[in-house]
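I opened this model to look up how some of its strands pair and what lines its empty spaces. My entries follow in the order in which I made them.

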Amino acid sequence: MDETRVVTFARVADFGLDVRVHCLEVVDGLEQGRTIIIKENGATLGRSPPADIVLSDSEVSRSHCRFTIVDGILRMADLNSTNGTFLDGIRVSGEVPVPVGAILRMGRQTLKHEHRTEKEILQRDEFDREIKKANAYVQALLPQPLAEGPIEAEWVFQPCSKLGGDAFGYGPLNENEFLVYMIDVCGHGAGAAMHSVAIMNLLRKRALPGTNMAEPTEVLAAFNAMFPMDDHAGMYFTMWYGVYNLTTREMRFATAGHHPAFLVGTGQEPVPLRTRGGLIGADPGTVYRAAAVTVPPGASFYLFSDGVFEIVTKDGVEWGLNDFLRLLPAAPIEGQNESTGIFGQVRGLARAGELDDDFSLLILRFH
């Protein structure tokens, strides 16, 4: 089912398609996706009427703040709210201008100030609906979680606001071998998503001609030959590919430009699993190398895209891989699996708004 963006108007709304108006987009919170248009006569915001803009949040005061437009500039004043109003992370005192693109925080709501025409708002709504459709199709291709058996699997796939190129999969290769992989296509947009879907479908069907799917280096080499970037609009991708033997407990793996996966045994530090090998599609002469590791009983395996750690925190700090690794393994949270808990921690640490890239995290547990 399509998700409909809710557009509400502060006071009277009567403007043409090409008239530019101030609007607040709820980018994080209880009403994410809502667009609030503020007209020239301004508006008050609060938890309940008679506020013109109502945000149903117990942490928002009944009369929280007031918006006015002076000489075409949006201004805001906090109305002595209990928990305060924050503009780009700074608590507001008195009346202040709100620049276009500024981030407002009140209670559990995060809003972004935009200056758009009605036509742009309608086009944005249509674009968002198409993006959601495409992301839903990609998600439908992902495997189901595994809650029992010798290998358990769980994952989080949270697309960013743009159409991305992440994809992953796992499942039996034969009665004794289990494969797992992740790909990350460069860039965003329909082209990146179509590229990842084409690759994923080949892997789901185990349909690489003349290739031993149990040999990681052959799989990477086959993709490198099939998807040269010169023939695919300059697109390339990274890949992590591994095959686990259920009898010997050996995981044989190879990587193509992808950061490591990590194996965590009981009470042990994360062990990086990575081999040398360039991006797929960049150089037809690339040679890929494999490695192997013995997986102890009870170990957990973490495979993820760079969108899980390439974030900017609320304090403006740019994260790296080592920052993310401090979250592994995550302490259990009642009512959540581990992958969902990790996503919640990253989302809580990241700056307001959509994440900059797709968040793809896969966790396997070996019994």
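I began with one residue pair and noted that Phe304 has Leu361 in E22 as its bridge partner. Before going further I recorded that the model is predicted, with local features needing pLDDT of at least 70, side-chain atom pairs counting only at pLDDT 80 or more, and totals for chains, interfaces and linings using all residues. I also noted that residues are numbered from 1 along each chain as its sequence is written, and that side-chain values use heavy atoms, with hydrogens and water left out.

**Sheet entry.** I found that strand E21 (residues 300–304) and strand E22 (residues 359–366) run antiparallel and are joined by five bridges; strands here are DSSP runs of E with at least two residues, helices are runs of H or I with at least four, both numbered from the N terminus, and two strands pair if DSSP finds at least two bridges between them. Both belong to an open sheet of five strands, ordered E13-E22-E21-E18-E19 and paired antiparallel. Its edge strands, E13 (151–158) and E19 (271–273), each pair on one side only. Neighbouring strands of this sheet are turned against each other by 20° on average, direction ignored, where the axes are lines fitted to C-alpha atoms and angles run from 0 to 180 degrees between N-to-C directions.

**Strand E6 entry.** I followed the side chains along E6 (residues 65–70) and saw them alternate: Cys65, Phe67 and Ile69 point to one face and are buried, whereas Arg66, Thr68 and Val70 point to the other and are not (buried means under 20% relative accessible area, with a 1.4 Å probe and protein chains only). E6 pairs with strand E4 (residues 43–46) in the antiparallel sense over three bridges, and with strand E7 (residues 73–78), also antiparallel, over six bridges. Cys65 stands opposite Leu45 and also opposite Asp78 in E7. In the hairpin of E6 and E7, with two residues between the strands, I noted a positive phi near 55° at Asp71.

**Cavity entry.** I asked what lines the largest cavity. Its lining consists of Ile311, Val312, Arg347, Ala350, Arg351, Gly353, Glu354, Leu355 and Asp356. On a 1 Å grid over the protein atoms alone, a cavity is a set of points where a 1.4 Å probe fits but cannot get out, and lining residues have an atom within 4 Å of a point. The volume of the largest cavity is about 50 Å³, taken as the space filled by probe spheres set on the points, which are joined across faces, edges and corners.

Terms used:
Buried means under 20% relative accessible area, exposed over 50%, partly exposed in between (1.4 Å probe, protein chains only). On a 1 Å grid over the protein atoms alone, a cavity is a set of points where a 1.4 Å probe fits but cannot get out, and a pocket is an open set with protein on both sides within 12 Å along at least five of seven lines; lining residues have an atom within 4 Å of a point.
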